[in-house]
Amino acid sequence: MARRVKDTNLETRNGRRALKTRSKPYWRALDRGLHLGYRRRSTGGSWIVRRFMESGRYAESKLGLADDFQDADGIKTLNYSQAQEAARKWYHAETRKEAGLEERHDGTYTVDDAMRDYMKNYSIEGKGVSATQSSINAHIMPALGKIDIARLNTKKIVDWHHNIATSPAMLRTGRSAETRNTRPLAVDDPDATRRRRATANRILTILKAALNYAWKEGRVVSDSVWRKVRPFRNVDAPVMRYLTEDQCTRLINACSSDFRPLVQGALLTGCRYGELAALEVRDFNPDSGTVTVRISKSGKARHVVLTDEGKKFFKVTTFNKQEGDLIFTHGDDSVWSASHQKRPLAEACNHARIRPAVSFHILRHTHGSLLAMKGVPMPVIAKQLGHADTRMTEKHYAHISPSYVADTIRQHFPTLGIVGKRNVEILQPTKK
């Protein structure tokens, strides 16, 4: 039910009859950029609607006659409440048409509709489009998709959110498979519970973003239903794993000859696997000592600063290659594609006695962690790794960065001399 806007001058016949007859409408704001108007005539009034356009002008439309002298039928003759409802429907239809979205004729607007509209807009400037669509397909549309948003309630969303957190994680499954593969749920593992809750929170964020987009576009009257749903707390702070300098050396030595440069490049730059696989010789600038990542997760290019060791590495790796050649390739010059890195990295970890084996993304975290432990400021690490701001950087690396508080405590707390003492005198209570 839409929020009914009260107006003592317009909502009753007597109130409207007291208004002066004029051609200029009496306007009442319903929402931002949406106004309901009443044009007073001697023979009876009529309802009109207008909305504010990006051009700075208003678009107007006639809704119907006012019930000044005859009862409202909800079609041609409208009372004040019916006029408000008609004004909002007109506004929704016009904004949807302006956005190039399909017009609905059955009066319903489902979660499926909201997801499609959201992704149509999100795919233009959003990041991680494929992963977002996969989450929608796997978790949102099967459970909530057919529900009319007007009938969606807070309990349904809360139950759906909690169900994701208590269900086994989904694994990649072949298109021909009839059932979806899942990972067994370790109910006694606190970190496994944390991970599932973190996943549920991420999917809830997608749902809320799509519903908020529908609300802002005028397809939904209120956002109060999903605004009441709270994410799980304290689930997005995992203990970030990284490799020590000794482990880095062992891992590099254990890699196969064609995979080794890719691992070295990841440790020296902090770039993601896909970013490294797409690097071309022209992206390396030996004069400035940088590597340009033209295609990143955020959709923005960035310049990664290289150390002297990094510059030497890229000079050797790009030697005798043309500007348009890929820097990192298999031994037969074929492209490193999706998932090609998993098996050789697992084998290298096994030979280097790094257990459990690390994912390729841990090499990126290792680069950031080594910088943090050397006291590099968080904004500098954020820029090097391509984070939009320092929030993600501080979440992962602030706890291992040299701390003023920690340094001050270690400097000023006295040595008690209790370490190494085997015999400690136990004082007996004094007898009264």
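Two strands count as paired when DSSP finds at least two bridges between them. With that in mind, let us walk through this predicted model, starting with its small sheet and moving outward to the cores, the salt bridges and a patch on the surface.

**The chain as a whole**

The chain holds 16 helices and 8 strands. Of its 432 residues, 39% count as buried. The chain exposes about 27,300 Å², and carbon and sulfur atoms supply 51% of that area. Contacts also reach across the sequence: among those between residues at least 6 apart, 55% join residues at least 24 apart.

**A three-stranded sheet**

Three strands form an open sheet in the order S6-S7-S8, with antiparallel pairing. S6 and S8 stand at the edges with a single partner strand each, so one side of each is left without a neighbour in the sheet.

How many bridges join S6 to S7? Strand S6, residues 284–285, is joined to S7 by 2 bridges. Here Phe284 has Val291 of S7 as its bridge partner. The hairpin of S6 and S7 has 4 residues between the strands, and Gly289 takes a positive phi near 65° in this hairpin. On the other side of the pairing scheme, 4 bridges join S7 to strand S8, residues 302–305. Val291 turns up again here, with Val304 as its bridge partner in S8.

In a regular strand the side chains alternate between the two faces of the sheet. Are the residues on the two faces of S7 buried or exposed? Thr290 and Thr292 on one side are buried, and so are Val291 and Val293 on the other, which leaves both faces of S7 covered.

**Two nonpolar cores**

In soluble globular proteins, nonpolar side chains tend to be buried together. The largest nonpolar core in this model has 36 residues, and Leu251, Phe314, Phe328 and Phe360 have the most contacts inside it. Strand S7 (290–293) is one of the elements that give two or more residues to this core; the others are the helices H8 (245–254), H9 (260–269), H10 (273–278), H11 (308–317), H12 (342–351) and H13 (360–373). The largest share, 5 residues, comes from H9.

Phe314 offers a good view of the surroundings. Leaving aside residues up to four places away in sequence, Phe314 touches Thr269, Leu279, Phe284, Val291, Leu306, Ile327 and Phe328. Two of these names are familiar from the sheet, where Phe284 and Val291 are bridge partners.

Apart from this core lies another, of 32 residues, among them Met115, Ala165, Leu207 and Tyr213.

**Salt bridges**

The structure holds 18 salt bridges. Three of them are set out here.

| Pair | Closest N to O distance |
|---|---|
| Arg28 and Asp7 | 3.2 Å |
| Arg88 and Asp31 | 3.2 Å |
| Asp223 and Arg227 | 3.1 Å |

Begin with the salt bridge of Arg28 and Asp7. Arg28 lies in strand S1 (residues 26–31), while Asp7 sits in the segment before helix H1 (13–17), so the pair ties together parts that are 21 residues apart in sequence. Arg28 is partly exposed, with a relative accessible area of 25%, whereas Asp7 counts as buried at 14%.

Strand S1 also takes part in the pair of Arg88 and Asp31: Arg88 lies in helix H2 (residues 80–98) and Asp31 in S1, so parts that are 57 residues apart in sequence are tied together. Arg88 is buried, at 6% relative accessibility, and Asp31 is partly exposed, at 36%.

In the pair of Asp223 and Arg227, Asp223 is buried at 11% relative accessibility, and Arg227 is partly exposed at 47%. Elsewhere, salt bridges that share partners join Arg13, Arg16, Asp67, Asp68 and Asp71 into one network.

**A nonpolar patch on the surface**

Which residues form a nonpolar patch on the surface? Ile409, Phe413 and Leu416 do, with about 350 Å² of accessible area together. Ile409 is found in helix H16, residues 404–412. Why does Ile409 count as exposed? Its relative accessibility is 51%, and exposed means over 50%.

Conventions: Residues numbered from 1 in each chain as written. Predicted model: local features only at pLDDT ≥ 70, side-chain atom pairs only at ≥ 80, totals over all residues. Heavy atoms only, no water. Patch = residues over 30% accessible without salt bridge, like charges linked within 9 Å, V, L, I, M, F, W, Y side chains within 5 Å. Areas by Shrake-Rupley, 256 points an atom, 1.4 Å probe, with all protein chains shown as cover. Salt bridge = Lys/Arg side-chain N within 4 Å of Asp/Glu carboxyl O. Buried < 20%, exposed > 50% of the residue type's maximum accessible area, 1.4 Å probe, protein only. Core = buried A, V, L, I, M, F, W, Y, C linked by side-chain atoms within 4.5 Å. Contact = heavy atoms within 4.5 Å.
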